[in-house]
Amino acid sequence: MIDTIELKYYFEDKIEFSYWYKRISEIIKKNYNRNFNKHTNDKNIYLYKTTAFYNQGFLEISLNIQKNDFRVLWSISMKYKPALVIYPNDKYALMQFKDIGLVENNFNKFIDYLNPVLSYNKLPYLGKWQVIRIDYAFQFFTEKYVEYIKLIHKCHIPYGVKKRFYDTSIGIYRKNTNLNIYDKTIQLGLNDYRHIIRFEVQCLKGYLQHLKEKNQWKSISLYKLWDLNIAYNILHEKVISLMGVGDFEEIKIAVNKIERLYSVKKSEKLKKLLEISRHHNSRMDSIPLIYSINNNCSENYVQKSLMIALKKLRINLLVIPSSWNIRKLEGLDSICDNYFGKCKIKE
């Protein structure tokens, strides 16, 4: 359900910032033989980063100075991946709803490790940190990982959105959310007859602010975001916008289902629509337009009549090529539903 979390805490002044710069510098120098790495995002933001605490579940810790015309902000941020220490023997592990207590205890234990014993300069426990990014995800094992990635490469992407396609992954990057779908087994360099495909939505600061306003929260805390319904709604919405609904089926199987429910005339239209997706270059974005041009009708008719008809039968707009010798692959919307259904059973 949850992978990486980024949290931030603002210092009161430069004195507190300087203290923690010195304190953490001493720890990483003494215990890890490391130093801070200085980065500049732009002329007004300075970052001092370290990855020294990776084995404790903290991918990166950054001390930050942000300047503008009116004031200077000093802060510390942490990229926290609790599964690294809570499930150290499971490379695929995602944190589940039931794990919030373990996540909190591990974080607070690390804060105790950083905090000096005798000084008043102490970092607070988890409840006082603001979440500025959280990654919700679901994943599934499949022997048909090559086929799933090929289908996902034909997904719907809104015009003008930044995207990156690779052989075993796809990334879609927007202002307030990032979406990554990838073969986790390949990423880890593992070899197995089944692979894990992971579907991940990174919710950034702007989207979290939207959730705060929508739910009337006082703050963007991890306790508010550690919610099955929030995770499910975000992931399910992204799945449908990207891949539509329904299972991927070989066209003969799909047409048999269609002909049992619809008239000959409508069945023929739906068959023509599905035929378009068999072309290796066809994308979900282009299929309604291509059909409307070839059949002298509007895209609105395709979307509101024909695609709705497929949805009722849970047939995805993308069909499986006959050369794959596969009758059916479960739709990502169903896989998402099943994943969260299993989570709920475990509670």
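**Exercise 1. The surroundings of R198**

Task: In this predicted model, find which side chain makes a polar contact with the side chain of R198, and then work out where R198 lies and whether it is buried or exposed.

Solution. Step 1: Begin at the side chain of R198, which makes a polar contact with the side chain of Q139 at 2.8 Å. Step 2: Look next for backbone atoms, and you will find that the side chain of R198 also reaches the backbone oxygen of Y92, at 3.0 Å. Step 3: Place the residue in the fold: R198 lies in strand 10, and its bridge partner is Y182. Step 4: Compare its accessibility with the cut-off, which is under 20% relative accessible area for a buried residue; R198 has 1% and is therefore buried. Step 5: Complete the picture with the contacts of R198 beyond four places in sequence, among them D3, A93, L94, A137, F138, N180 and I181.

**Exercise 2. The sheet and the helix upon it**

Task: Determine how many strands form the open sheet and in what order they stand, and then find which strands helix 1 touches.

Solution. Step 1: Trace the sheet from one side to the other, which gives 10 strands in the order 2-3-4-5-1-6-10-9-8-7, with antiparallel pairing. Step 2: Identify the edges, which are strand 2 and strand 7 (residues 162-166), since each of these pairs on one side only. Step 3: Follow the change of direction across the sheet, where the twist averages 15° from one strand to the next. Step 4: Add helix 1 (residues 14-32), which packs on the sheet and touches strand 1, strand 3, strand 4 and strand 5, while its direction makes about 150° with that of strand 4.

**Exercise 3. Two strand pairs**

Task: Establish how many bridges join strand 2 to strand 3, and how many join strand 9 to strand 10.

Solution. Step 1: Take strand 2 (residues 37-42) and strand 3 (residues 45-50), which run antiparallel and are joined by five bridges. Step 2: Pick out one of these bridges, in which N37 has K49 of strand 3 as its partner. Step 3: Examine the connection, where a hairpin of two residues leads from strand 2 to strand 3. Step 4: Turn to strand 9 (residues 177-183) and strand 10 (residues 195-203), whose antiparallel pairing extends over seven bridges.

**Exercise 4. Aromatic pairs**

Task: Find how the rings of Y21 and F36 are arranged, and then examine in the same manner the rings of F58 and Y80.

Solution. Step 1: Note the count for the whole model, which comes to 22 aromatic pairs. Step 2: Consider Y21 and F36, whose ring centres lie 5.1 Å apart with 20° between the planes, a stacked arrangement. Step 3: Locate the two residues: Y21 lies in helix 1 and F36 in the loop between helix 1 and strand 2, so the pair ties together parts that are 15 residues apart in sequence. Step 4: Compare the accessibilities, for Y21 is partly exposed at 32%, whereas F36 counts as buried at 12%. Step 5: Consider F58 and Y80, whose centres are 4.7 Å apart and whose planes meet at 10°, so this pair is stacked. Step 6: Locate F58 in strand 4 and Y80 in strand 5, 22 residues apart; F58 is buried, with a relative accessible area of 1%, and Y80 counts as buried at 0%. Step 7: Finally, widen the view to the cluster that ring pairs build, whose members include F58, Y80, Y9, F11, F17 and W129.

**Exercise 5. Two helices**

Task: Check whether the length of helix 12 agrees or disagrees with the expected span, and describe which residue caps helix 8.

Solution. Step 1: Helix 12 (residues 299-312) has 14 residues, which should span 20 Å at 1.5 Å a residue, and its end C-alpha atoms are 19 Å apart, which agrees. Step 2: List its buried residues, which are V302, S305, L306, A309 and L310, and note that the buried residues of helix 12 pack against helix 9, helix 10 and helix 11. Step 3: Move to helix 8 (residues 228-243), whose N-terminal end is capped by D227 through a side-chain oxygen 2.8 Å from the backbone nitrogen of N229. Step 4: Look just beyond helix 8, which is followed by G244 with a positive phi near 70°.

Conventions. Residues numbered from 1 in each chain as written. Predicted model: local features only at pLDDT ≥ 70, side-chain atom pairs only at ≥ 80, totals over all residues. Heavy atoms only, no water. Helix = DSSP H or I, 4+ residues; strand = E, 2+ residues; numbered from the N terminus. Expected span 1.5 Å × (residues − 1). Polar contact = N/O pair within 3.5 Å; in protein donor to acceptor, adjacent residues only side chain to side chain. Pairing = 2+ DSSP bridges. Axes fitted to C-alpha atoms, helices over the stretch in contact; angles between N-to-C directions. Contact = heavy atoms within 4.5 Å. Buried < 20%, exposed > 50% of the residue type's maximum accessible area, 1.4 Å probe, protein only. Phe/Tyr/Trp six-rings, centres within 6.5 Å; stacked < 30°, edge-to-face > 60°.
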